[in-house]
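Biologist: I am new to reading structures, and I would like a close look at one part of this one. Please pick a single residue to begin with, and then walk me outwards from there at an easy pace.

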Amino acid sequence: MTSALNGFTVVDFTTQSAGAQCSQLLADHGARVIRVIPTDADAFRSGGFVVWDRGKECVRLDLEAVTLEGEDSASAAYMSLVRATDVFLDDFEPSSWAQRYMDASRLRSINPRLVSCSITAYGKHGPWKDEPARDDLVLARMGILGSMPGFRPAPVHVVHPLPSAGAAVLAALG
């Protein structure tokens with residue numbers, strides 16, 4: 001049976017739960033998802049990632065060894081991924097050294113049909129742009145923890161990772 005995203009390829013550079021959940025939703029709808037992991041990382045992650053990584057292929061790539069003009073094997077592998085992909089997914093902080101490889105305009109100059117999606121907690125601009133994507137911190141800054149009903153005065157901890165789940169769904173829809 002044909003799914004909505006059959007024939008689409010997603011390259012997933014994410015490391016946090018929102019990105020993993022987003023690419024899981026895309027894979028569940030038929031996309032081929034290639035999860036890029038560092039050469040020294042374990043391919044199998046624990047916790048919710050056991051579920052969120054289902055249906056994905058893994059490719060090892062030393063992103064730190066990639067040069068955008070280079071001809072070495074890491075650079076060639078990266079360029080091959082960019083050229084063959086429909087969606088490029090990352091969750092690097094805006095000030096991360098890896099952002100130079102995720103720049104949407106640069107990626108589109110290599111592959112004009114590419115859709116680039118960068119999941120950050122607070123966007124790419126502004127005073128909080130490099131703050132960690134911690135669900136409790138995002139909920140607190142939104143005022144949700146202070147307004148949750150509970151058996152004691154606020155703040156009340158919300159067990160469900162609402163910001164990550166919401167970011168995942170909205171990124172997948174986008």
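Modeller: Let's begin with Leu 137, which is partly exposed in this predicted model. Its relative accessible area is 27%, and the cut-off for buried is under 20%, so Leu 137 does not count as buried. Leu 137 is found in helix H5. Which residues does Leu 137 touch, if we leave out those up to four places away in sequence? They are Tyr 122, Glu 131 and Pro 132. For a sense of scale, look across to Glu 71: it is 66 residues from Leu 137 along the chain, and the two C-alpha atoms are separated by 42 Å.

Now stay with the helix that holds Leu 137. Helix H5 covers residues 135–142, and its axis comes within 7 Å of the axis of H7. The two axes cross at roughly 95 degrees. Angles from 65 to 115 degrees count as roughly perpendicular, and H5 and H7 are therefore described as roughly perpendicular to each other. On the H5 side, the contact is made by Asp 135, Val 138 and Leu 139. On the H7 side, Leu 162, Pro 163 and Ser 164 take part. Here is a general idea to keep in mind: two packed helices are described by the angle between their axes and the distance between the axes.

Just before moving on, look at the loop between H6 and H7, where Pro 155 has its place. The peptide bond from Ala 154 to Pro 155 is cis, with omega near 0 degrees.

Ser 164 gives us a path to another helix. Ser 17 touches Ser 164, along with Phe 49 and Trp 52, when residues up to four places away in sequence are not counted. Ser 17 lies in helix H1. Is Ser 17 buried or exposed? Its relative accessibility is 17%, so Ser 17 counts as buried.

What about the rest of H1? The helix runs over residues 17–28, which is twelve residues. At 1.5 Å a residue they should span 16 Å, and the end C-alpha atoms are indeed 16 Å apart, so the two values agree. H1 is mostly covered, with ten of its twelve residues buried. Among the buried ones are Ala 20, Cys 22, Ser 23, Gln 24 and Leu 26. The elements that cover the buried residues of H1 include strands S1, S2, S3 and S4 and helices H2 and H7. So H7, which we met beside H5, is among the parts that cover H1 as well. Just after H1, Gly 30 takes a positive phi of about 105 degrees.

Strand S3 deserves a stop of its own, and Lys 56 lies in it. At 13% relative accessibility, Lys 56 counts as buried. Leaving aside neighbours within four places in sequence, Lys 56 is in contact with Ala 20, Ser 23 and Gln 24, and also with Asp 12, Val 33 and Arg 35. Ala 20, Ser 23 and Gln 24 are among the buried residues of H1. The C-alpha atom of Lys 56 is 14 Å from that of Thr 85, which is 29 residues away along the chain.

Back in H1, Cys 22 invites a question: how many disulfides does a search of the whole structure find? The search finds zero. For Cys 22, the nearest cysteine sulfur is that of Cys 117, 5.5 Å away, while a disulfide needs the sulfur atoms within 2.5 Å. Cys 22 itself counts as buried, at 1% relative accessibility. Cys 58 is partly exposed, with a relative accessible area of 40%. The closest cysteine sulfur to that of Cys 58 belongs to Cys 22, and it is 16 Å away, too far for a bond.

How confident is the predictor in all this? The protein chain averages a pLDDT of 91, and 100% of the residues score at least 70. Among the elements, strand S1 has the highest mean pLDDT, 98, and helix H6 the lowest, 84. S1 is one of the elements covering H1, and H6 lies before the loop that holds Pro 155.

Technical notes: Residues are numbered from 1 along each chain as its sequence is written. This is a predicted model: local features need pLDDT of at least 70, side-chain atom pairs count only at pLDDT 80 or more; totals for chains, interfaces and linings use all residues. Side-chain values use heavy atoms; hydrogens and water are left out. Buried means under 20% relative accessible area, exposed over 50%, partly exposed in between (1.4 Å probe, protein chains only). pLDDT is the predictor's confidence in each residue, from 0 to 100. Helices (H or I, at least four residues) and strands (E, at least two) are DSSP runs, numbered from the N terminus. The expected span of a helix is 1.5 Å times one less than its number of residues. Contact means heavy atoms within 4.5 Å. Axes are lines fitted to C-alpha atoms, for helices over the stretch in contact, and angles run from 0 to 180 degrees between N-to-C directions. Angles under 35 degrees count as roughly parallel, over 145 as roughly antiparallel, 65 to 115 as roughly perpendicular and the rest as oblique.
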